[in-house]
Each structure stands twice: as structure tokens, then as C-alpha cells.
Amino acid sequence: MKALPFILAAVAVVLLVRFGLRRIGRGRSSRLGGLPGGLRGRRLLGDTGLVAGREIRERLRGRVFRVVTIILFAVVAAAVVIPTIHTGTTTRQKVGVVAGPPALDSELQKLATAVGLRVELVHEPDLSAARAALSAGYLNMVVDGSGTILVENPISDTDTSAGARYVRAVATALGAQQAFARAGLTPEQAAAVAEAKPWPVESVHPSKGATTTEEATALIGVILIFIILTQYLSWILMGVMEEKASRVIEVLLATVRPGQLLAGKVAGIGAVALLQAVSLVAFALVLAKVVGANLVQGAAPLVVAATLVWLVLGYAFYSWVYAAAGSLAERQDQVQSLVLPLSAPLIFGYIVSLIGVSSGSASLLVKVLAYLPPTAPFAMPTLVGFGEATWWQFLLSVAVSVACTALVALVAARVYRTAVLRTGGRVRLRELVPTLGK
Amino acid sequence: MLEFDGLSRRFGPVTALDDLSFSVPSGQVVGFLGPNGAGKTTTMRAVFGLTDLDAGSVRWNGVPIGATQRRRFGYMPEERGLYPNMLVADQLGYLGRLHGMDRHSAAVATKQWLERLDVADRSTSKVETLSHGNQQRVQLAAPLVHDPEMLVLDEPLSGLDPTGIDAIGEVLVEQARAGRCVLFSSHQLDLVEDLCESVAIIDRGRLVARGTVDELATSGARRLAVRVDGDRQGSWAQGIPGVTVSEIDGGEVRLVLDDSTDSDVVLDAARSAGRVTEFVFVRRRLSEVFRETVGQ
């Protein structure tokens with residue numbers, strides 16, 4: 001039942017989007033004087049809404065969208081569920097015990113509970129029988145009371161599964177108990193030593209609060225932002241180019257202003273991107289709640305929210321740039337030559353942030369990139385994942401991004417307006433410079 | 001009435017429009033003619049604000065054209081002008097709605113026009129899957145869906161088979177009869193002559209002829225159509241003072257006579273070359289008007 005709020009939220013998002021689409025599609029029915037029958041007043045969002053509505057309908061209907069969405073949902077499901085299968089509390093392991101005192105059984109059960117594992121102890125008559133059972137896959141590990149632990153395959157230091165953690169815990173605890181016995185400690189003394197806790201370490205500055213969960217969420221978020229931005233920005237680029245190449249742009253601009261057309265395209269494709277991202281996140285959160293994954297614990301929801309915010313801001317910033325670039329080309333090969341310079345800052349920000357997340361600490365470069373609009377969509381969620389962004393730093397970066405986006409949109413709209421009707425080859429930016437000020 | 005008033009436009013060293021002025025009355029199909037690069041497309045684009053003008057203005061019923069007027073016009077550009085991947089009916093409905101129609105009216109009009117142009121069975125097909133002729137029919141339906149007051153069509157007949165030409169020509173005439181203003185460009189002069197009440201001919205951005213087809217056909221020098229057995233190339237007419245060979249078409253020689261030339265002189269020359277089977281005063285063909293006005 002804990003998942004109910006998330007399910008309701010997901011349903012609400014879907015209903016809102018459907019309602020919004022219907023509003024865009026239906027429009028208002030006020031009539032304008034002087035227009036012939038059937039010609040009606042402009043809709044709530046005017047021509048921009050109509051253009052956006054077409055983009056949404058066409059994109060949702062496209063096979064590419066459906067296939068990519070299914071793949072993304074599958075990847076997200078795998079990313080959420082697989083770790084829980086690996087570390088799940090319901091995992092049951094069979095542990096063979098050879099020549100162990102009765103106290104060993106309770107010790108093994110206690111350690112299993114500590115790492116979230118359920119174990120079934122199987123007493124084997126001798127070590128060779130236990131070894132055979134282990135090799136046959138009947139047992140997961142064997143504890144030999146004489147002082148050896150057997151596992152089927154070596155366990156690496158980076159293996160954080162419950163089984164691996166259990167083996168390490170058993171090895172450490174039994175080794176310590178053996179040492180206590182050799183030192184001549186009474187059981188009470190040994191228990192007191194075993195329960196020793198390290199002294200707390202306090203820092204002058206407050207705790208950063210970053211944990212593996214938040215970092216992992218940030219990692220998934222950065223990858224999600226990159227995939228979605230790459231996909232939808234290429235749609236913008238290709239969409240604008242195709243309208244120019246097919247000359248449908250002339251028919252559209254005969255009745256719609258360039259700014260409205262551009263805004264409608266950006267908003268429509270952006271709405272589809274956001275719908276996909278929100279659906280994925282809602283799906284991930286609900287699934288995480290159901291299977292008990294870490295995604296909804298600690299500060300991870302904050303990282304998820306930051307990811308969505310920066311997805312929107314990143315799209316808003318780049319969409320204008322890609323639209324303006326698309327208006328310069330009228331052939332596929334011309335578009336290809338534009339893709340590399342356009343995607344360079346995107347890829348740079350992504351890779352630097354990815355390395356930052358993977359390395360476990362935010363480098364100075366990531367901290368700087370978090371305030372630059374082209375790279376902030378990746379760097380800032382990374383900082384949030386590390387707990388190294390305060391609320392005012394986050395808002396400052398948002399403000400910088402919004403301001404730069406407004407500026408970029410202004411210039412892009414002028415480039416688009418001037419270039420989109422020029423045919424006969426790729427338009428060079430320097431050709432447009434004299435006309436941009438007009 | 002659509003009025004072009006003193007339009008001028010230069011693209012670098014090229015003069016596309018040079019003080020171009022003429023008007024297109026409602027209720028007529030007006031042919032817009034000119035050689036390649038004469039400025040026809042630039043003129044048509046100027047109606048819809050798709051090109052900046054260095055000087056001049058385009059007016060509709062005396063008022064400079066703005067966004068409100070353009071919403072009531074229909075425009076068909078020369079090349080495609082449709083989304084290749086969009087379904088035919090969706091596309092027409094969308095364009096109708098961009099011109100201010102509500103969803104229902106746009107759907108009804110789309111259905112009617114697709115039936116009228118005989119492509120109703122392809123309404124759920126993507127445009128790119130249609131034949132060239134059917135694409136052109138859909139292309140024509142696009143500016144008609146919203147029941148425009150004026151139609152501006154750039155080369156609507158190019159590449160069509162005779163059936164397609166008849167279908168589209170019929171629609172254009174029907175629209176003009178209904179009081180719409182119809183301006184279309186074409187290089188198929190015979191078709192223009194059949195379809196249009198009047199024509200405007202431009203060359204190098206300037207108007208070189210304007211009038212009804214009848215006026216242009218009957219104006220200018222007298223002309224004769226002569227057919228002489230045994231001389232299909234009209235060599236007998238070469239060298240007659242005051243006579244110019246205008247066209248030779250299937251053995252019929254069309255001659256232009258200046259004011260001082262007596263037609264009897266021509267008849268004598270023809271008789272001397274062979275048996276004369278045709279000798280008649282004729283009107284100017286549009287192709288002759290075109291060649292004579294643009295100097296080709």
C-alpha cells in the first residue's frame with residue numbers, strides 16, 4: 001500500500017497529459033467575425049498549440065518512439081530490480097557446517113540476519129562430503145569448524161551482494177573468535193570485545209550526506225538525461241530540416257509566424273520528452289517501492305527531482321540551438337556536418353559528469369561545469385547526488401541556465417526566421433549576420 | 001481584388017522584382033507567366049510574406065495584406081509543400097485548422113475535397129507513398145480545405161497527366177466562378193489559354209503584358225495561318241517584305257504582317273509555291289504573345 005501515492009501520481013500525470021492534449025486538439029470555440037463558416041477563433045494556445053499538438057501526435061504515433069520507450073522501460077526496470085535480486089532480504093542460502101560446536105550455528109544465523117540474508121544450516125558429516133555438496137551446487141558455502149570457509153568461486157572485493165558480504169562477515173567474526181580464544185578470554189569478555197563499536201568521528205563541517213544510493217541514482221539520472229536529450233534534440237534538428245526540405249515550411253509560414261512555429265515544435269517535442277521521462281521516473285519509483293529498492297530511500301528522491309528539473313532545463317537550452325541549426329540545412333548530409341559541433345558540449349558534460357559519479361567524488365571541473373548552461377544538466381544532478389550542492393547553488397545554476405536559454409532562444413529564433421526560407425544549399429551563419437539585427 | 005503595387009526585390013546582384021505592378025480581380029482565373037527566373041515565385045511568395053520586399057506592397061481589397069488576410073488565402077508552393085510522413089487526411093485537417101477551422105469542419109472539408117479530387121481512398125496513406133499525380137491532387141486540396149477567398153498556386157499543373165490536368169483545371173475554374181480570386185503560374189501555355197480569362201506576363205521582374213486572353217490574342221499585328229502543299233517548312237514565306245514567320249506547326253505556317261503589308265502579296269507568294277489549302281486571318285496564340293513580349 002506504500003506504493004499507492006506513487007501509482008496515483010502516475011495516473012494523475014497520464015490524465016493531465018491526456019487532458020492537455022485534448023485541450024490543445026479541441027481549442028476554444030469562440031468565433032471570429034468575418035471568417036467564413038468553419039473558420040473559428042484561435043485556440044487557447046493559438047497556432048503554437050496547434051503546431052505543438054501535431055508534433056505530439058506524430059511523435060507518439062511513430063514507431064521509433066514506441067520502440068525506444070519500450071527499451072527504456074525495460075532498462076529502467078532492470079536497473080531497479082536486478083540490484084534487489086542480488087541483495088534482497090528474502091535471499092536464502094544453504095550453509096554447510098562441518099565439525100562445528102553448537103554455538104557456531106547461532107553465530108552463523110546472527111551474522112546472516114545482520115547482512116539481511118536467510119540461511120539454512122546443513123550439517124555435513126565431513127569436509128569431503130561438504131566439498132562435494134558445494135561443488136554440486138547444493139550448498140552456497142561451507143564453514144569448517146577447524147577454521148576454514150569454502151566457497152565455490154573466489155569472491156572479489158568489489159562484490160557487494162548479500163552472499164559475499166555474509167562470507168566476509170563470517171570469516172571476520174570466526175577469525176576474531178578464534179583469536180579471542182587463543183588470548184584466553186572468557187566468553188563474556190569475548191562477547192564484550194566482539195560488540196566493540198568504533199568511536200564516532202565528528203567533522204567540523206556538517207556531513208555531506210552523500211551515500212551510494214544517491215550517487216547511483218545520480219548516475220542513472222545523468223544517463224537518462226543524455227539518452228533523452230540526444231533523442232529529442234535530434235528530432236528537432238531533423239524535423240526543422242525536413243520541413244524546409246519538403247517546402248512545407250512555405251505553406252506553414254503563409255499562415256503561422258516563424259516564432260509560433262518554432263515554439264510549437266520545441267514545446268511539442270519537449271512535451272513528449274517530458275512525458276517519457278516522467279513516465280520512466282514514475283515507473284522506476286513505483287517499481288522501486290514494490291520491490292524494496294533503494295531508489296526511494298534517503299535523499300534519492302531529491303536526486304530524481306533534480307534530474308527531471310535539469311532534463312527540462314537542458315532540453316530548453318539545447319532545443320533552440322538545434323532548431324536554428326536545422327534551419328540552416330535542407331539535406332541529410334548537411335545535417336550530419338552540424339551534429340558533431342552541436343553535440344560536443346553535450347557529450348563533454350556527460351562524460352565528465354559520468355566520470356565524476358563513477359569516481360565517487362565531484363571534481364573541481366564538475367563543480368565549475370555545474371554553472372555553465374551547456375553542461376549543467378549533467379554536472380548539477382551529479383553534485384546533488386554527492387550532496388555537494390546547497391539549495392542556493394542549485395537555484396543559482398537554474399537562474400543562469402534560464403537567463404542563457406532566453407538569450408539563446410532570441411538569437412535562435414532570428415536565425416531560424418532568416419534561414420528557414422533560404423534554399424539552394426546550406427546557409428552559413430556568417431551569411432546571416434548582417435540580417436540578424438533586422 | 002489582389003493588387004501588386006511597385007514590388008521591388010533584389011537578391012545581391014540579381015534583380016528579382018523591378019517595380020512590378022498589376023492586379024488580379026476576383027472571379028477570374030489569372031495565368032501568371034514568365035520565363036524561368038522572371039520573378040513569378042518571388043511575387044507569389046510576397047503575397048504570403050515569405051520574402052522581404054525592398055519596396056512596394058501587396059494589397060487585398062485595398063488593404064495591405066497581414067496575418068488575418070493570409071489566413072483566408074490558399075497557397076500551393078511549386079515543390080511538394082506537404083509532410084512526407086504524415087497521413088493525407090491528418091495533414092489536410094491540420095492545415096485547415098491552421099487557417100482557423102475547428103476540428104469537425106476541417107475533417108468534413110478534408111473528406112469532401114479528397115472525394116472531389118478522387119483521392120479519398122488514400123486518406124489514411126502517408127503522402128510519400130502516393131504517386132506523383134495523387135500527391136499533386138492532395139497538394140491542391142491543401143489550399144482549398146479552408147474555403148479560401150483567394151488561391152495562389154505555383155505550377156499546379158506541372159507533371160500531371162491529362163486526367164489530372166482536367167481535374168485540377170476544373171476545380172480552378174469552379175473556384176473562380178464562385179467568386180474567388182485565382183492566380184496560378186505555369187509554363188504550359190496552351191493550358192493557360194484554355195483555363196484563364198486573363199494573364200499577366202513578367203520578364204526580369206517587370207510586367208511586360210497584362211490583359212484578357214481575348215485582348216492579347218486580338219491585339220498587335222495581323223497574322224495569317226497558311227498551309228501550302230509540298231512546303232511544310234514555310235520556306236516560301238522567307239524573304240517577303242513586312243512578313244515574319246511566327247510559328248510552324250504541323251505544316252501550318254503562322255505569319256505576322258506589319259501594317260503596310262498587303263495580304264494579297266502573301267497569297268501570291270503562297271500560290272507560287274504550291275496549292276494553298278489554308279489561308280485565314282487568325283488570333284494570336286498565347287505562346288506567340290509570350291514569345292513576342294519576352295523576346296524569345
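Of the 438 residues in chain A, 38% are buried, where buried takes 20 or more other C-beta atoms within 10 Å of a residue's own, 12 or fewer makes a residue exposed, anything in between is partly exposed, and the C-beta atoms are placed from the backbone. In chain B, buried residues make up 45% of the 296 residues. Keep in mind that this is a predicted model, where local features need pLDDT of at least 70 and side-chain atom pairs count only at pLDDT 80 or more, while totals for chains, interfaces and linings use all residues. Residues are numbered from 1 along each chain as its sequence is written, and chains are lettered from A and ligands numbered from 1 in the order in which they are written.

Here are the two chains in a small table. Helices (H or I, at least four residues) and strands (E, at least two) are DSSP runs, numbered from the N terminus.

| Chain | Helices and strands |
|---|---|
| Chain A | 16 helices, four strands |
| Chain B | 10 helices, 14 strands |

Now for contacts. Two residues are in contact if their C-beta atoms, placed from the backbone, lie within 7 Å. Take the contacts in chain A with a separation of 6 or more: residues 24 or more positions apart account for 76% of them. For chain B, 69% of the contacts between residues at least 6 apart in sequence join residues at least 24 apart. The C-alpha trace of chain B spans about 75 × 45 × 35 Å along its principal axes.

Both chains are split into domains, with bounds that come from an automatic or database domain assignment. In chain A, domain 1 covers 51–84 + 212–436 and domain 2 covers 89–192. Taken over C-alpha atoms, the centres of these two domains of chain A are 50 Å apart. Chain B has domain 1 (2–216) and domain 2 (220–294), and their C-alpha centres lie 37 Å apart. Where the two domains of chain B meet, domain 1 puts in 13 residues and domain 2 puts in eight residues. On the domain 1 side, α7 (189–195), β9 (198–203), β10 (206–212) and α8 (213–218) of chain B each supply at least two residues. That side of domain 1 of chain B has 10 nonpolar, one polar and two charged residues. As for those classes, Ala, Val, Leu, Ile, Met, Phe, Trp, Tyr, Cys and Pro count as nonpolar, Asp, Glu, Lys and Arg as charged, and the others, Gly among them, as polar.

What about the place where the chains touch? Chain B brings 27 residues to the contact and chain A brings 23 residues. On the chain B side, α3 (88–98) and α4 (103–116) each supply at least two residues, and α3(B) gives the most, with four residues. That side of chain B divides into 14 nonpolar, five polar and eight charged residues.

Next, the cores. A nonpolar core is a set of buried Ala, Val, Leu, Ile, Met, Phe, Trp, Tyr and Cys residues joined through C-beta atoms within 7 Å. The largest one has 161 residues, and those with the most contacts inside it are Ile236(A), Ala323(A), Ala141(B) and Val199(B). Helix α11 (residues 300–328) of chain A gives this core its largest share, 18 residues. Leaving out residues up to four places away in sequence, Ala323(A) touches Ile236(A), Val240(A), Leu262(A), Lys265(A), Val266(A), Ala412(A) and Tyr416(A). Apart from the largest core lies another of 18 residues, among them Leu108(A), Val119(A), Val143(A) and Leu174(A).

Finally, look at two helices of chain B. How do α5(B) and α6(B) pack? Their axes are 11 Å apart, at an angle of about 5°; axes are lines fitted to C-alpha atoms, for helices over the stretch in contact, and angles run from 0 to 180 degrees between N-to-C directions. The two helices are therefore roughly parallel to each other, a label for angles under 35 degrees, with over 145 counting as roughly antiparallel, 65 to 115 as roughly perpendicular and the rest as oblique. Gly133(B), Gln136(B), Arg137(B) and Leu140(B) make the contact from α5(B), and Gly164(B), Ala167(B), Ile168(B) and Val171(B) make it from α6(B).

Helix α5 (residues 132–144) of chain B also holds Gln135(B). Is Gln135(B) buried or exposed? Gln135(B) is buried, because 21 other C-beta atoms lie within 10 Å. Helix α6 (residues 162–177) of chain B holds Ala176(B), which is buried with 21 other C-beta atoms within 10 Å.
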